[in-house]
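Trainee: I would like to go through this model with you, one topic at a time. Where do we start?

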Amino acid sequence: MITKELTCVVCPAGCKVTVTLDENNQIIDVTGQTCPRGKTYAISEVTNPVRTLTSTVTVQTKDGAKMLPVRTDKPIPRPTLFEAMEIVRRTVVTAPVKTGDVLVENFIEEGINLIASKDFE
Amino acid sequence: MHKKLIIIGGGPAGLAAACAAVKRGLSPDDVLVLERDSEPGGILNQCIHAGFGLHRFGEELSGPEYAGRYIQMAREANIPIMTNCMVLGLTNDRQVTFVSPELGYVTATADAVILAMGCRERTRGALNIPGTRPAGVYTAGCAQRYINIEGFMPGNRVVILGSGDIGLIMARRMTLEGAKVLTVCELMPYSGGLARNIVQCLDDFGIPLRLSHTVTEIHGKERVTGVTIAKVDEANGRKPIPGTEEYIECDTLLLSVGLIPENELTTGAGISLDRMTNGAAVNQFRETEAAGIYACGNVLHVHDLVDYVSEEADIAGTHAAATILGETEKTVKSVKVTTGFGVRYTVPERIDITETAEAVRVFFRVTDVYKKVQLVIESESGEVLVKKAKSAVAPGEMESLEIPADKVAALAASEDKKITVYLRELGGSK
Ligand SMILES: Cc1cc2nc3c(=O)[nH]c(=O)nc-3n(C[C@H](O)[C@H](O)[C@H](O)COP(=O)(O)OP(=O)(O)OC[C@H]3O[C@@H](n4cnc5c(N)ncnc54)[C@H](O)[C@@H]3O)c2cc1C
Ligand code: SF4
């Protein structure tokens with residue numbers, strides 16, 4: 001049996017939720033939450049935590065190199081964040097770019113893209 | 001130069017106020033937004049992380065995306081925005097002086113002025129940490145600008161003092177960029193940051209948060225070589241406890257110790273500030289004590305969600321336009337809003353009830369973390385005007401209550417001169 005301690009972030013109460021897993025990583029118990037939303041949150045955090053990655057890439061503009069804010073259009077699995085940063089670091093784009101432009105397709109996972117989050121002329 | 005409406009600051013507050021004023025009926029040619037930076041958008045331009053706009057647009061946007069939406073709206077409404085335009089002075093009778101590269105030194109008058117200058121970070125000077133003054137000490141927002149706009153990393157081994165949201169966001173940002181964030185020290189026994197940021201910016205990367213800790217000394221001659229941290233005594237004015245000192249080797253110290261509204265222009269116009277918000281005291285339309293001068297966004301009080309900034313700017317912009325168009329009602333009675341148990345400040349600080357009494361939403365911050373409470377607004381004569389139960393409240397998250405229109409009307413008819421916002425504990429531990 002393994003237990004995992006989490007803080008529920010769904011509301012400011014910030015309940016400490018404990019998730020108990022068996023040897024096969026199957027959830028057998030969730031305790032500590034004050035409401036059902038805490039349980040849903042805890043299960044997703046333990047089974048497949050995902051995060052939206054935001055960063056910057058270099059954009060070549062007529063006024064020289066600038067920093068272009070970028071993000072993933074869907075959350076990616078948390079353990080892939082550093083691998084994702086390696087791809088971000090290698091990405092260079094040339095203006096013009098518009099908010100929402102896809103910079104890297106199938107980023108980390110099929111169907112997830114790295115997109116621009118600002119306009120550069 | 002004369003304009004019907006001049007807005008100082010082209011951040012989300014200024015842009016939303018301008019859009020609201022035009023929507024209310026002002027011609028865009030009668031409106032002018034003055035922005036000192038080379039582009040509009042305000043501080044959100046450097047807040048590249050996601051989490052903005054959930055309330056406003058129903059989706060999670062990054063800071064530049066959120067700002068971009070308002071820049072777009074202002075452009076579509078043909079609202080003139082003058083960039084590189086620094087406002088130097090404001091008077092009580094709405095004279096605005098500014099400098100611009102095209103026009104030079106200009107004095108303009110306006111029927112109404114909306115203050116939307118945002119806030120700035122508290123700096124170390126306000127904190128007085130002993131030790132040398134080497135390079136490598138930055139505010140978290142300054143580091144955010146270096147990394148996200150200028151594209152360079154200010155350091156490799158980082159200690160962060162203060163667990164405000166900007167500091168937490170920077171802990172994650174610098175970690176993802178390859179730096180080692182050693183610890184975040186927080187003077188208080190709880191963090192002022194959102195729980196979501198503690199989890200996703202610290203816990204995700206195993207960065208320890210040390211509550212009731214502070215930095216007692218900064219080491220290094222040219223560059224920071226380390227800091228000394230210590231536990232503080234809650235019972236003794238949060239003084240460092242001798243013997244708990246710990247030396248941490250690092251090359252960078254980030255300060256995330258709070259924001260203060262940027263109100264030099266406001267005080268220059270003789271408008272007094274609310275001691276708790278550090279912003280002007282306003283009525284429910286966000287009008288200050290000076291007629292025709294409004295304030296909204298972070299210059300009025302520090303918001304944690306930009307969505308509320310936009311909402312507040314809507315109120316100010318709409319009412320300023322209505323006043324200019326001569327379409328507002330007379331005030332029949334003014335009522336003070338005061339704070340009671342557990343409430344640090346409210347916005348507005350007064351309600352100017354008009355002939356047709358309308359519902360009023362009062363925003364406020366609590367003083368401490370409380371569980372199982374009731375939020376209450378009570379009249380001077382003891383009538384509960386509105387109440388709401390909450391499982392938990394924290395100083396980091398703004399609360400609000402709406403006084404219904406019929407209660408506002410009843411207030412106008414009563415003898416009461418003030419109302420009080422307070423917390424009632426419903427049992428359970430603090
Ligand atoms: C470093 C930092 C990071 C932040 N991060 C977040 C975050 O992650 N999430 C969040 O919700 N909120 C964040 N905030 C709060 C954020 O400021 C607000 O959410 C929002 O940007 C406030 O909008 P505003 O228009 O009131 O102020 P601002 O965005 O600060 O805009 C004010 C504008 O006024 C201009 N100005 C000021 N003085 C003058 C003058 N004299 N003349 C002409 N122009 C002037 C400034 O250049 C600026 O463009 C952050 C604040 C800071 C300081
Ligand atoms: S479990 Fe429910 S009450 Fe507790 S923090 Fe999560 S959402 Fe809030």
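Mentor: With a cut-off: a polar contact is a pair of N or O atoms within 3.5 Å. The model is a predicted one. Under that cut-off, a backbone N or O atom of B:Asp304 is in contact with an oxygen atom of ligand 1, at 2.9 Å.

Trainee: How much of the area that ligand 1 exposes when taken alone does the protein bury?

Mentor: Backbone atoms approach ligand 1 at other places too: a backbone N or O atom of B:Ile43 is 3.0 Å from an oxygen atom of the ligand, and a polar backbone atom of B:Ala116 is 3.5 Å from one. Taken alone, ligand 1 exposes 970 Å². The share of this that the protein buries is 94%.

Trainee: Which elements give two or more residues to the shell around ligand 1?

Mentor: There are 32 residues around the ligand, and B:Ala13, B:Glu35, B:His49, B:Asn298 and B:Asp304 come nearest. The elements that supply two or more residues belong to chain B. They are α1 (12-23), β6 (86-90), α3 (140-150) and α7 (306-324).

Trainee: In the open sheet of chain B with the order β23-β21-β28-β25-β26, which strands stand at the edges, and why is one side of each left without a neighbour?

Mentor: This sheet has five strands with mixed pairing, and its twist averages 20° from one strand to the next. An edge strand has a single partner, so one of its sides has no neighbour in the sheet. The strands in that position are β23 and β26 (384-393) of chain B.

Trainee: Which residue stands opposite B:Thr331 in β23(B)?

Mentor: Strand β21 (residues 331-339) of chain B pairs with β23(B) in the antiparallel sense, over five bridges. Opposite B:Thr331 in β23(B) stands B:Thr354.

Trainee: Turning to chain A, by what angle are neighbouring strands of the sheet β8-β5-β6-β10-β9 turned against each other on average?

Mentor: That is an open sheet of five strands with mixed pairing. Its edge strands are β8 (92-94) and β9 (102-104) of chain A, each paired on one side only. With direction ignored, the average turn between neighbouring strands is 45°.

Trainee: Which residue of β8(A) does A:Val59 stand opposite?

Mentor: Strand β5 (residues 54-61) of chain A runs parallel to β8(A), and three bridges join them. The residue opposite A:Val59 is A:Val93.

Trainee: Where are the cis peptide bonds at A:Pro96 and B:Pro348 placed in their chains?

Mentor: Most peptide bonds are trans. The bond joining A:Ala95 and A:Pro96 is cis, with omega about 5°, and so is the one from B:Val347 to B:Pro348, with omega near 5°. A:Pro96 lies in the loop between β8 and β9 of chain A, and B:Pro348 in the loop between β22 (343-347) and β23 (350-354) of chain B.

Trainee: What phi does B:Asn78 have?

Mentor: Most residues other than glycine have a negative phi. B:Asn78 is in the loop between α2 (63-76) and β5 (81-82) of chain B. B:Asn78 is not a glycine, yet its phi is positive, at about 60°.

Trainee: Which charged residue sits over the ring of B:Phe57?

Mentor: B:Phe57 belongs to a cluster linked by ring pairs, together with B:Tyr66 and B:Tyr70. Over all chains, the structure holds eight aromatic pairs. The charged end over the ring of B:Phe57, 5.0 Å from its centre, is that of B:Arg69.

Technical notes:
Residues numbered from 1 in each chain as written. Chains lettered and ligands numbered in written order. Predicted model: local features only at pLDDT ≥ 70, side-chain atom pairs only at ≥ 80, totals over all residues. Heavy atoms only, no water. Phe/Tyr/Trp six-rings, centres within 6.5 Å; stacked < 30°, edge-to-face > 60°. Lys NZ or Arg CZ within 6 Å of the ring centre and 35° of its normal. Pairing = 2+ DSSP bridges. Helix = DSSP H or I, 4+ residues; strand = E, 2+ residues; numbered from the N terminus. Axes fitted to C-alpha atoms, helices over the stretch in contact; angles between N-to-C directions. Near = heavy atom within 4 Å. Polar contact = N/O pair within 3.5 Å; in protein donor to acceptor, adjacent residues only side chain to side chain. Areas by Shrake-Rupley, 256 points an atom, 1.4 Å probe, with all protein chains shown as cover.
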